[in-house]
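Trainee: I've got a new structure open and would like to go through it with you. Could we begin with the charges and then move on from there?

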Amino acid sequence: MEAELSSPGAGVPTLPQPVRGDRVRPGGGSSFHSMWRELLPVGRHPDSRGYRRFAWTGADAECRDWFREQAEGRGLGYEVDRNGNQWAWLGDPAAGNAVVTGSHLDSVPDGGAFDGPLGVVSSFAALDELRARGAGFTRPLAIVNFGDEEGARFGLACVGSRLTAGHLTVEQAHRLTDGDGITLPQAMAAAGHDPDAIGPDPERLARIGAFVELHVEQGRALDLSGDQVGVASAIWPHGRWRFDFRGEANHAGTTRLVDRRDPMLSYAETVLAARREAELAGAVATFGKIAVEPNGVNAIPSLVRGWLDSRAADQATLDTVVGGIEKAAREYAEAHGIDLAVVRESFTPVVEFDHALRDELGRILGRDTGLTVPVLGTGAGHDAGILSGSIPTAMLFVRNPTGVSHSPAEFAAEDDCVAGVEALADVLEGLACA
Ligand code: GLV
Ligand code: MN
Ligand code: MN
């Protein structure tokens, strides 16, 4: 068996084993392995073994330094755009019709190693592979690291690509605040990026002919079909809603049950309602983050704030699910004397990836084998989805045998990662080379 990047099943990935010399491929495969090993310790928590690479923090800065070194080490033109996204250019960006690949390096709290970094590392490795093949480029090529894709710190996903595409206004971005009360402009400035520079970047987008993001699959479709690599079809519409249940703080030992206005009760009932509504509709709904005030063991809470993430195959279903959850929450709140406020913090409509580009990827990947490449939908959000309204975008997925993601146990086998690098190299060669 080929050495693995990390071990599945045990719950926590281990450091990578060396790849046996006879299995090392020239170009992309071997450079993938050394880059992966370099990046693996950055931002990894020693206890959870998960990643905490949050936007504009020290771990993020280390990831960004790594990206710049990869770009400069390959003689690529390095730049940071007005929104803090990093770019590595081969060829002249001003020539236009560029082919761009890449992903993100930030993580969710205690995230896995692959969600995001697999796409960035594979992009550099694919370029190495193309150079090893002696490919001649007829279009500019760029590798990008989009900032703050997960939204773990400021609550909004895909901030870098949303700003660039004009889906997030400067005023909205300037109001984003983390759990410690630090605003996005303050965090950017502390990390050395000018927050007054942010905003839409249509000139940059106009220079891009195609964006292809490679990503670890966040489900088991490829494992079930027995394929290493697939192509994306669509992303479910999804959003985040904040539910504030306000009651009355009081003593946990002396307040009679009938006298309480405990917001935890209506919150708990709402969590169950979310599960019920999602099940009924064939959708998903998750309360994965909660804040409690005053957050004392012996105090009835005054506030329970829960964040709902919900996703469905189509807009109407999602509206039904979230509407049903909110209606139930209001009924429970009223029954317990609780004030409820519901705020939609973000929303991403359904994304249907560019059909022509998707079919082109399928043709390129099936060219040598004659095999049909699986085409998959996903419930996960991506920068490629945000950009799909502005430029032709496509995605490649790499098999994830457990399907686990947003967890330290996220996993992909080395063979599959290298197959992903080769697929991406084939795609970039097909799109950008003579
Ligand atoms: C990002 O990974 C998301 O789907 O929330
Ligand atoms: Mn993610
Ligand atoms: Mn991702």
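Mentor: Gladly, and keep in mind that this is a predicted model. The protein chain carries 39 positive and 61 negative side chains, and the centres of these two sets lie 2 Å apart.

Trainee: Okay, new topic: which protein donors does the manganese ion (ligand 2) have?

Mentor: Its protein donors are D115 through OD, E150 through OE, listed twice, and H406 through NE2, and they lie 2.0 to 2.7 Å from the ion. Along the chain, these donors follow the spacing D-x34-E-x255-H.

Trainee: And what does D115 bridge?

Mentor: D115 bridges the manganese ion (ligand 2) and the manganese ion (ligand 3), and these two ions lie 3.6 Å apart. D115 sits in the loop between β3 (98–104) and α3 (117–133), while E150 sits in the loop between β4 (141–146) and α4 (159–165), so the pair ties together parts that are 35 residues apart in sequence.

Trainee: Are D115 and E150 buried or exposed?

Mentor: Both of them are buried, and across the protein chain 54% of the 434 residues count as buried.

Trainee: Stepping back, how many helices and strands are there?

Mentor: The secondary structure of the protein chain comes to 13 helices and 15 strands.

Trainee: And what about the radius of gyration?

Mentor: The protein chain has 23 Å, which agrees with a compact globule, because one with 434 residues would have a radius of gyration near 22 Å. Taken along the principal axes, the C-alpha atoms fill a box of roughly 75 × 50 × 40 Å.

Technical notes
Residues numbered from 1 in each chain as written. Chains lettered and ligands numbered in written order. Predicted model: local features only at pLDDT ≥ 70, side-chain atom pairs only at ≥ 80, totals over all residues. Heavy atoms only, no water. Helix = DSSP H or I, 4+ residues; strand = E, 2+ residues; numbered from the N terminus. Rg over C-alpha atoms; globule rule 2.2 N^0.38 Å. Buried < 20%, exposed > 50% of the residue type's maximum accessible area, 1.4 Å probe, protein only. Lys, Arg positive; Asp, Glu negative; His and termini not counted. Charge placed at Lys NZ, Arg CZ, Asp CG, Glu CD. Donors = N, O, S within 2.8 Å, 3.2 Å for Na, K, Ca; no water.
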